[in-house]
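Work through the three exercises below with the model in view. Try each task before reading its solution.

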Amino acid sequence: MNYDYIAVIGATATGKTNLAVKIAQMVDGEIISADSRQVYRGMDIGTGKDLDAYNTRKGKIPYHLIDILDPREDYSVFRFLQDFYSCYDDIKARGKVPVLCGGSYLYYTALFMRYPMAKVENLEEKCEAIMHLDHQVMIDELKTLNPLLHNRTDLVDKAKTVKALVIARESSEVEKKNGLVHPPVELKPLVIATQVSREEYYKRIRLRLADRLRNGLVDEVRNLMNSGITQERLDYFGLEYKYAGKYLRSELSKNDMIQKLISAINDYAKKQMTGISKVDKHYINVNWIPPEDIAAARQLISESGFTIVD
């Protein structure tokens, strides 16, 4: 089968970045990030950018859509789709292989499913106009308009639900009038998902959180707060930023912060896995590979028609 690019997806802490780097080195590729938080500068530890992982014995693997925005700026699926296609065309024009890497379900399913998106003018004003509506009513409408994406974690946060609903409403209207907005061309990905045992998975989550705390996670959040980032914005980023922010405001003890974080990350990861399983079952074939099994990845990539150069 002919594939246009390789996509490495998976739940948090399952080794996506390391596997994607090895694959990119294998096929002379460049990585396009599909992570809704790694786009922001100054958010390194909490988002797990692991930029050192891009260093290989043959040099640094080029990456895209990381550190492109200030934390005060908004990023959307519409913007991601625009950026992805721009990066994709540039990488292909230079004879390289695009390797998508990330765990933001909304982003990669928008690519895989070719979900129609429309650019919304005056988004903030339109969000404010419907903020008074009942949260559950908005969730139900959003699920109706966007049935493929109902596992999204932002359904928990009303402000995120409002934004998603406004975009979904306008996207639906654009699709009725003009057909699919994205993509400009249909692309077929070879999808690889990182697979670890449940026991290993929870162990990785605990160890990674401990490592991030040792490496300055709380200081990173403190720096964001000192730069003017509000608790509301930290809550929007979620997980490490939400709970570390509450700890720094003395709303949580350190132990409570850690326990709530572990629980929240576990819940988030379960939703990620559920989303990937749904994609695999209903929409597109997903190849599950242990992140350390480079031989299996190599064989799959070779059999799929990609040229192995390393």
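Contact here means heavy atoms within 4.5 Å. The model is predicted.

**Exercise 1. Describe the surroundings of S33.**

Step 1. Locate the residue. S33 lies in strand β2, residues 29–33.

Step 2. Check its exposure. The relative accessible area of S33 is 3%. Buried means under 20%, so S33 is buried.

Step 3. List its contacts, leaving aside neighbours within four places in sequence. S33 touches Q38, H64, L65, I66, F80 and C101.

Step 4. Look at the side chain. It reaches the backbone nitrogen of D35 at 3.4 Å.

**Exercise 2. Decide why helix α10 counts as largely enclosed by the rest of the structure.**

Step 1. Take the count. Helix α10 spans residues 239–248, and 7 of its 10 residues are buried, so the helix is largely enclosed.

Step 2. Name the buried residues. They are L239, E240, Y241, Y243, A244, G245 and K246.

Step 3. Find what they pack against. The partners are α7 (198–214), α8 (217–226), α9 (231–237) and α11 (254–282).

Step 4. Move just past the helix. There S250 takes a positive phi of about 60 degrees.

**Exercise 3. Classify two of the aromatic pairs in the structure.**

Step 1. Start with the total. The structure holds 15 aromatic pairs.

Step 2. Take Y201 and Y202. Their centres are 5.4 Å apart, with 45 degrees between the planes, and the pair is tilted. Both residues are buried.

Step 3. Take F237 and Y241. This pair is edge-to-face, at 6.2 Å centre to centre and 70 degrees between the planes. F237 and Y241 are both buried.

Step 4. Add the cluster. Ring pairs link Y5, Y75, F80, F84, Y85, Y88 and Y107.

Conventions: Residues numbered from 1 in each chain as written. Predicted model: local features only at pLDDT ≥ 70, side-chain atom pairs only at ≥ 80, totals over all residues. Heavy atoms only, no water. Buried < 20%, exposed > 50% of the residue type's maximum accessible area, 1.4 Å probe, protein only. Helix = DSSP H or I, 4+ residues; strand = E, 2+ residues; numbered from the N terminus. Polar contact = N/O pair within 3.5 Å; in protein donor to acceptor, adjacent residues only side chain to side chain. Phe/Tyr/Trp six-rings, centres within 6.5 Å; stacked < 30°, edge-to-face > 60°.
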